Amino acid sequence: QKVSVIGLGYIGLPTAALIASRGIQVHGVDTNEHVVRTVASGTIHISEPDLDGLVSKVVSSGALTTSTRPQPADVFMIAVPTPVNADNRPDLSMVRAAVDSITDVLEPGNLVILESTSPIGTTEGVATQIVERRPDLHVGANGHGARSPNGNGHANGHGPDETANATINVAYCPERVLPGRILTELINNDRCIGGVTPACTRRAQRFYKSFVRGACVPTTARAAELVKLTENAFRDTNIAFANELSMVCDRFGINVWEVIDLANRHPRVNVLRPGPGVGGHCIAVDPWFIIDSAPDLTRLMRTSREVNNNKTQQVIERAEALIEERPYADVACCGLAFKANIDDLRESPAMEVARHLAAKYGSRIKVVEPNLRRPLTELTELGVEFMDIDTALRRCEIAVLLVDHDEFKMVPLADRRHLDVLDTRGVWQDLPARA
Ligand code: SAJ
């Protein structure tokens with residue numbers, strides 16, 4: 001069989017390469033010509049451990065090919081971005097465009113899978129969009145009253161027997177991989193797979209079982225969509241709790257890391273870690289997909305989003321207060337990435353803090369980001385200097401620790417005793433050792 005992956009980003013490219021490495025012919029499609037050319041030359045445009053070697057191997061063996069336009073295939077996997085717009089409303093335009101781009105090449109018997117994080121009902125919308133543009137196709141019913149996307153049991157009003165040879169299957173299967181561990185998690189994580197009909201679910205389940213070692217658990221498309229959103233909204237809410245607690249601790253001069261450490265010794269308590277806010281393109285975005293669908297029922301999720309965003313503002317204010325106290329001191333901003341040990345700056349609260357401090361204090365700000373290959377012009381234009389952690393801590397009197405990179409964890413107390421520190425990640429706490 002031949003698989004086509006639409007969208008060669010953080011999820012689509014590793015997925016395409018992994019499937020190709022299993023001896024299946026894969027065609028990757030991206031609207032960005034630079035991405036298509038980069039992958040076609042056997043290299044990659046994103047940073048992810050072990051992905052470069054895998055892509056180079058499958059491209060040179062001919063198992064992975066790329067282009068900007070879809071070609072006929074047996075299975076189409078859509079992995080395009082689903083951002084929120086300025087009003088925090090889901091923007092599904094890239095899913096719609098991807099579906100439009102494949103409808104002309106779809107053939108009876110094809111399986112279309114949506115992997116992008118999506119609001120409830122999106123996959124049914126994909127099925128409807130396909131049959132509207134291709135009235136010759138209908139979406140796999142199981143002949144036992146399965147609902148088609150238009151709700152009449154058979155997408156075109158035909159019975160399954162008359163049109164069986166024009167059937168396609170449509171399903172949702174969210175990705176749940178953690179950046180930095182994508183290839184391992186793609187193989188080992190359990191997957192939930194929801195077709196728009198049970199027949200679609202079964203077909204998609206068979207496909208995933210061919211390359212996933214984790215369990216492939218069947219459900220409905222709507223449930224699968226909400227499962228993905230639930231996972232990230234759950235994490236966002238739990239981080240909001242930790243961030244709120246950190247602000248309470250600040251007010252009372254109590255060490256939040258010590259409080260969490262002690263509270264987590266309770267067998268049923270597991271408080272997450274406070275930070276400078278929540279970044280990345282998932283946790284800070286996905287809760288809005290639920291909130292947008294049911295605004296009257298989602299006060300907790302909305303408040304969690306607000307708490308996590310306010311935390312970044314609070315960090316900026318605390319950093320400013322520290323800097324204003326010592327008008328001649330230089331400031332080391334440690335970390336820009338949205339989380340530890342990666343180079344990804346998307347929606348990074350650390351970046352937001354650094355940007356703000358750079359705009360206000362210019363050349364007093366020194367930035368350390370060990371995972372970036374070169375300094376960011378956006379910050380150097382404001383007078384900021386990039387340097388390694390040892391130099392920065394030697395040259396500065398103030399340190400604002402924004403990311404818990406391993407490089408920072410290793411700095412001994414002796415090298416930072418002279419500093420005024422704002423440690424947003426609890427890395428330099430030197431709490432008394434407890435048995
Ligand atoms: N963070 C905290 N405190 C914590 C944990 C995280 O402040 O205790 C912050 C991080 O610093 C970062 C943000 O939250 O700024 C998100 O980081 P993350 O490691 O929680 O998650 P992501 O965005 O890298 O990946 C998440 C994962 N989802 C869950 O763990 C439920 C991943 O499995 C998903 O596949 C991914 O979102 C996605 O693509 O949706």
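**Exercise 1.** Which residue does Val 75 stand opposite in β5? Place the answer among the pairings of strand β4 in this predicted model.

*Solution.* Begin with the bridge itself: Val 75 stands opposite Leu 111 in β5. Next, take the two strands as a whole, where β4 and strand β5 (residues 111-114) pair in the parallel sense over four bridges. Then turn to the other partner of β4, strand β1 (residues 2-6), which runs parallel to β4 and is joined to it by four bridges; within this pairing, Val 5 has Met 77 in β4 as its bridge partner. Finally, follow the chain from β4 through α4 to β5, and these three elements are found to make a right-handed β-α-β unit.

**Exercise 2.** Which residues of β4 point one way, which point the other way, and are they buried or exposed?

*Solution.* Sort the side chains by direction: Val 75 and Met 77 point one way from β4, while Phe 76 and Ile 78 point the other way. Then consider their surroundings, using the cut-off that a residue is buried if 20 or more other C-beta atoms lie within 10 Å of its own; all four of these β4 residues are buried.

**Exercise 3.** Where does Asn 88 lie, and what can be said of its phi and its exposure?

*Solution.* Locate the residue first: Asn 88 lies in the loop between β4 (75-78) and α4 (93-103). Its phi is near 60 degrees, a positive value in a residue other than glycine. To see what makes this worth noting, recall that most residues other than glycine have a negative phi. For exposure, count the neighbours: Asn 88 has 14 other C-beta atoms within 10 Å, and therefore it is partly exposed. Arg 89 has its place in the loop between β4 and α4 as well, and because 13 other C-beta atoms lie within 10 Å of it, Arg 89 is partly exposed. As a last step, look across the model from Arg 89 to Arg 265, which is 176 residues away in sequence and 39 Å away in space, C-alpha to C-alpha.

**Exercise 4.** How many residues does helix α9 have, and how does its reach compare with the expected one? Continue along the chain to what follows the helix.

*Solution.* Helix α9 covers residues 221-252 and has 32 residues. From its first C-alpha to its last, α9 reaches 47 Å, which is close to the 46 Å expected at 1.5 Å a residue. After α9 comes Gly 253, and its phi is positive, near 65 degrees. Moving on, Ile 254 lies in the loop between α9 and α10 (256-263); it counts as exposed because it has 12 C-beta neighbours inside 10 Å. The C-alpha atom of Ile 254 is separated by 30 Å from that of Arg 395, with the two positions 141 residues apart along the chain.

**Exercise 5.** In what order do the five strands of the open sheet that contains β10 stand, and which are the edge strands?

*Solution.* Write down the order, which is β12-β11-β10-β13-β14, with parallel pairing. The edge strands are β12 (385-386) and β14 (420-423), since each pairs on one side only. Now work through the pairings, starting from β10 (residues 331-334). On one hand, β10 is joined by four bridges to strand β11 (residues 365-368), to which it runs parallel, and Ala 332 has Lys 366 as its bridge partner in β11. On the other hand, β10 and strand β13 (residues 398-401) pair in the parallel sense over four bridges, with Cys 333 opposite Val 400. One step further along, four bridges join β13 to β14, which run parallel, and here Val 400 stands opposite Leu 422.

**Exercise 6.** Which helix forms a right-handed β-α-β unit with β10 and β11, and what is found in the loop leading to that helix?

*Solution.* The helix is α13 (residues 349-361). In the loop between β10 and α13 is Asn 341, which has a positive phi of about 60 degrees although it is not a glycine. With 13 C-beta neighbours inside 10 Å, Asn 341 counts as partly exposed.

**Exercise 7.** How do the residues of the shell around the ligand divide by type, and which come nearest?

*Solution.* The shell divides into nine nonpolar, five polar and six charged residues. Of the 20 residues around the ligand, those that come nearest are Leu 272, Gly 275, Gly 279, Gly 280 and Cys 282. As for their origin, domain 1 (2-230) and domain 2 (254-423) each supply at least three residues to the shell.

Definitions and conventions. Residues are numbered from 1 along each chain as its sequence is written. This is a predicted model: local features need pLDDT of at least 70, side-chain atom pairs count only at pLDDT 80 or more; totals for chains, interfaces and linings use all residues. A residue is near a molecule or strand if its C-beta atom, placed from the backbone, lies within 6 Å of it. Ala, Val, Leu, Ile, Met, Phe, Trp, Tyr, Cys and Pro count as nonpolar, Asp, Glu, Lys and Arg as charged, and the others, Gly among them, as polar. Domain bounds come from an automatic or database domain assignment. The expected span of a helix is 1.5 Å times one less than its number of residues. Two strands pair if DSSP finds at least two bridges between them. A crossover is right-handed if, with the strands pointing away from the viewer, the path from the first strand over the helix to the second runs clockwise.
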